[in-house]
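Open the model in the viewer and keep the sequence panel visible. The stops below go from the contact between chains to single pairs and then to a pair of helices.

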Amino acid sequence: MNAESSVRLVNVTKQFPVPEKGQADVRAVEDISLDIREGEFFTLLGPSGCGKTTTLRLIAGFETPDSGMVIIGGQVANELAPYQRPVNTVFQNYALFPHLTVEQNVAFGLKVKRIPVPEQEQRVNEALELVQMGAYGRRRPSQLSGGQQQRVALARALVNRPAVLLLDEPLGALDLRLRKDMQYELKRLQVEVGITFIYVTHDQEEALTMSDRIAVMNQGEVLQIGSPSEIYDQPVDRFVASFIGDTNLLNAQVVSVKNGHVRLQMGGGEVELPRNGREVTAGQGVTVAIRPEKLRILRSDGKPKRGIQLHGQIRETIFAGPDTRHLVNLENGERLVVLIRSKDVAGKQHFEPGDAVEVSCDSSGPRLLLQ
Amino acid sequence: MAEARVAARWAGAGYYALLALFLYMPIFLLIVFSFNDSVILAFPLKGFTLEWYHELLQAEELLASIKNSLLVGFLASAVSLALGTLAAIAIMRFRFRGRDTFLSFASLPLVIPYVVLGVALLILFSALGIDLYLWTVAIGHVVINVPYVMLIVAARLAGFQANLEEAAMDLGATYWVTLTKVTLPLSAPALVAAFLSSFTTSFDEFTLAFFLAGTQNTLPVYLYSQLRFPSRLPLAVSLAAVVMVVSILILLLSEWLRRIGAGASKTKGIK
């Protein structure tokens with residue numbers, strides 16, 4: 001992957017008028033800046049209504065920004081119509097033309113660009129083979145299953161060899177099993193064709209599985225951009241921490257700050273954490289995020305240990321396949337979820353509700369967040 | 001309970017029979033009398049004859065009026081189709097200032113009595129110094145047909161997703177190509193249905209034609225003028241029978257096409 005920029009959004013804002021009179025405009029996206037690299041699998045992740053689809057539509061050209069710049073392949077594209085942009089879209093409901101066959105659907109883009117017929121045929125066949133739909137060329141979209149329509153929609157977009165492929169929740173309508181298969185399939189395709197994918201989803205697992213980088217969005221703003229592991233391990237705020245994966249959010253108060261560390265009053269005890277470059281002062285309230293799988297449970301024995309240590313009582317244990325969730329009430333009344341691998345639960349790690357325990361983890365586990 | 005249900009069923013059947021009688025009896029009688037060998041429209045029937053149909057083919061004035069009606073019908077329907085389709089696309093696919101007002105105004109002819117419309121257009125044409133002729137009738141018919149076309153086509157446009165058009169543009173089609181390759185083909189059944197329903201409306205329409213026709217008669221106007229001559233009555237009856245049958249056939253065809261369209265949109269895509 002080279003570092004050349006494929007799509008850039010610079011301070012893009014787009015508002016939609018609200019039908020009711022006298023109301024302020026709803027800001028679909030506000031002051032968004034993204035720099036998407038060539039050949040990257042880039043995901044816009046967020047809850048519905050966060051502006052991720054609007055962002056995609058701004059890149060596709062179905063919406064024009066109120067302010068800011070959309071730059072595609074080094075060219076300012078604000079004023080370009082959708083048909084003038086080197087991008088193609090896979091729509092959420094596939095949007096296959098019902099009056100055309102699969103072949104005609106895939107050939108549509110080549111036909112309107114007046115590509116010679118022999119080349120059209122060759123490229124259509126290649127594209128259909130690429131998505132393993134070679135045998136279905138003569139069918140109508142209505143004769144295909146959802147997964148097959150999905151593949152045709154992909155072929156129809158890819159056959160044009162766009163610089164960027166935009167995918168708007170393409171797996172949303174498929175059942176869980178098919179969705180998982182298609183996740184690997186899409187990733188394989190992206191590596192194979194080597195073009196930039198910009199993928200919109202509200203499914204954090206999907207985003208983590210496929211993406212090179214993820215932009216987490218909420219309420220029209222981009223909160224964090226990073227690799228899946230960065231987003232997962234180093235969330236920048238409460239929203240990102242809780243939207244991606246399960247997480248424990250504990251309220252804490254700064255006791256003292258020294259160099260790169262802070263001492264916090266948290267969960268009925270005192271802990272020391274890396275500051276992560278955050279500006280905090282003594283007495284300030286902060287949030288600490290800890291992933292459930294980074295915590296361990298030990299029987300209380302009164303001895304102090306290295307790292308972080310909180311006292312509590314087992315409230316409930318819930319078997320969930322490979323892991324067993326342990327709910328622990330801390331001394332100050334807050335609750336923690338701790339994951340223990342189910343195969344370990346039978347032995348030393350067996351706890352019953354009511355057991356007094358210590359919850360601990362390395363000081364690198366918890367993540368200091370401003371409110 | 002069972003008795004009450006039986007009674008209700010009989011009442012229902014009776015109601016239905018009466019309805020059918022009042023709706024279809026006159027039409028049936030029309031057809032029967034068109035074959036009756038007498039100038040007086042009364043029972044008992046005298047005998048079977050094709051004379052009136054034969055005479056129909058000889059009546060030059062009448063054939064001219066049919067020609068006029070066909071001409072006005074085609075002209076008015078073609079123009080209504082174009083204008084109504086454009087209006088439907090504007091309403092369904094664009095957000096613009098005054099959209100609701102536009103929709104109300106475009107639908108207004110649906111509720112204005114034809115007599116009022118006829119007088120209004122008559123005043124307008126004479127104020128503008130336009131001589132009344134067949135094409136003034138056609139203009140009147142365009143006014144009444146545009147809302148129908150608009151509603152029929154708009155219903156079809158609502159039936160398929162707007163993002164099919166976005167998909168076309170995304171694949172490189174200009175607005176015009178999208179219109180001709182996606183929007184119009186997908187709307188085709190509605191367009192044909194709209195054209196046919198415009199045509200039958202225009203072909204049968206009397207009030208506006210009566211006000212706006214000038215010296216040339218359309219068929220309904222001619223038919224009405226013939227009612228003054230008792231000897232011409234059977235001719236009018238047999239002609240009415242022909243028009244009736246053709247109109248019904250055309251309407252059935254247009255409804256059938258509309259359903260094909262609706263069926264096709266149901267099987268399209270997911271869900």
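A salt bridge here is a side-chain nitrogen of Lys or Arg within 4 Å of a carboxyl oxygen of Asp or Glu. The model is predicted. With that rule, one salt bridge is found across the interface of chain B and chain A.

**Stop 1: the bridge between chains.** Select Arg57(A) and Glu166(B). These two residues form a salt bridge, and their closest N and O atoms are 2.7 Å apart. Between chain B and chain A there are also residue pairs in polar contact, and the count is seven, with both residues at pLDDT 80 or more.

**Stop 2: the side of chain B.** Now select the residues of chain B that touch chain A. Two elements, α7 and α8 of chain B, give two or more residues to this side. The most comes from α7(B), with seven residues. Sorted by class, this side of chain B has twelve nonpolar, six polar and five charged residues.

**Stop 3: the whole interface.** Add the partner side: the contact takes 27 residues from chain A and 23 residues from chain B. The size of an interface is often given as the accessible area lost when the parts come together. Chain B and chain A bury about 2200 Å² between them, and 66% of that area is on carbon and sulfur atoms.

**Stop 4: two helices of chain B.** Select residues 163-170 of chain B for helix α7 and residues 175-204 of chain B for helix α8. Their axes come within 9 Å and cross at roughly 145°. The crossing of α7(B) and α8(B) is right-handed. Show side chains on both: Leu164(B), Glu165(B), Ala168(B) and Met169(B) in α7(B) meet residues of α8(B), including Tyr175(B), Val182(B) and Leu186(B). The residues of this contact divide into six nonpolar, two polar and one charged.

**Stop 5: a bridge within chain A.** Over all chains the salt bridges come to 24. For one within chain A, select Glu169(A) and Lys52(A), with closest N and O atoms 3.5 Å apart. The pair links distant parts of the chain, 117 residues apart. Glu169(A) lies in the loop between β7 (164-168) and α5 (176-193) of chain A, and Lys52(A) lies in helix α1 (residues 52-60) of chain A.

Note on methods:
Residues are numbered from 1 along each chain as its sequence is written. Chains are lettered from A and ligands numbered from 1 in the order in which they are written. This is a predicted model: local features need pLDDT of at least 70, side-chain atom pairs count only at pLDDT 80 or more; totals for chains, interfaces and linings use all residues. Side-chain values use heavy atoms; hydrogens and water are left out. Axes are lines fitted to C-alpha atoms, for helices over the stretch in contact, and angles run from 0 to 180 degrees between N-to-C directions. Helices (H or I, at least four residues) and strands (E, at least two) are DSSP runs, numbered from the N terminus. A crossing is left-handed if the near helix is turned anticlockwise from the far one by less than a right angle, and right-handed if clockwise. Contact means heavy atoms within 4.5 Å. Ala, Val, Leu, Ile, Met, Phe, Trp, Tyr, Cys and Pro count as nonpolar, Asp, Glu, Lys and Arg as charged, and the others, Gly among them, as polar. Buried area is the accessible area (1.4 Å probe) that two parts lose on being put together, summed over both. A polar contact is a pair of N or O atoms within 3.5 Å; within protein, one must be able to donate a hydrogen and the other to accept it, and residues adjacent in sequence count only if both atoms are side-chain atoms.
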